[in-house]
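Hello,

Here is the structure I promised to pass on to you. Please have a look at it first, and then read my notes below.

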Amino acid sequence: MSLVPWCDGRDGMYGWIWRHLPGNAWVRALLSLMLIVAMVYVLFQYVFPWAEPLLPFNDVTVDNQ
């Protein structure tokens with residue numbers, strides 16, 4: 001039986017990442033923050049500029065009334 005009723009033994013992706021990071025809690029927190037910053041950088045520098053022409057944000061129609 002689990003100690004917390006909402007946890008069925010699967011803690012998901014973030015739990016897996018947390019368990020596989022080295023060090024104590026402070027080192028893991030710092031590494032997690034560095035991973036988040038790196039992912040945001042990659043998204044803004046490479047992924048979003050690549051995907052921007054594929055998205056319909058500039059395809060707007062406005063009627064002149």
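**What I found**

Tyr 14 is exposed, because its relative accessible area of 64% is over the 50% cut-off. Please keep in mind as you read that this is a predicted model. Tyr 14 sits in helix α1, and so does Ile 17, in a helix that covers residues 12–20. Ile 17 has a relative accessibility of 29%, so it counts as partly exposed, a class that lies between the 20% and 50% limits.

Both residues can be related to Ser 32. From Tyr 14 to Ser 32 the C-alpha distance is 9.8 Å, with their positions 18 residues apart in sequence. For Ile 17 and Ser 32 the C-alpha atoms are 8.6 Å apart, at a sequence separation of 15 residues.

These three residues meet again in the largest pocket: its lining consists of Tyr 14, Ile 17, Trp 18, Ser 32, Leu 35, Ile 36 and Met 39. Two elements, α1 and α2, each give two or more residues to that lining. Helix α2 has the largest share, with four residues. By type, the lining has six nonpolar residues, one polar residue and no charged ones. The volume of this pocket is about 230 Å³.

Now to α2 itself, which is worth following from its start. There, a side-chain oxygen of Asn 24 comes within 3.3 Å of the backbone nitrogen of Trp 26. Further along, α2 has a kink of about 40°, centred on Leu 43.

What span should the 27 residues of helix α2 have at 1.5 Å a residue? The expected value for residues 25–51 is 39 Å, because the rise is counted one time fewer than there are residues. The C-alpha atoms at the two ends are 36 Å apart, which agrees with that expectation.

I hope you enjoy looking through it.

Best wishes

Definitions and conventions
Residues numbered from 1 in each chain as written. Predicted model: local features only at pLDDT ≥ 70, side-chain atom pairs only at ≥ 80, totals over all residues. Heavy atoms only, no water. Bend = angle between axes of the 7 residues up to and from the residue. Polar contact = N/O pair within 3.5 Å; in protein donor to acceptor, adjacent residues only side chain to side chain. Buried < 20%, exposed > 50% of the residue type's maximum accessible area, 1.4 Å probe, protein only. 1 Å grid on protein atoms, 1.4 Å probe; cavity = no way out; pocket = protein on both sides within 12 Å on 5 of 7 lines; lining within 4 Å. Points joined across faces, edges and corners; volume = space filled by probe spheres on them. Nonpolar A, V, L, I, M, F, W, Y, C, P; charged D, E, K, R; others polar.
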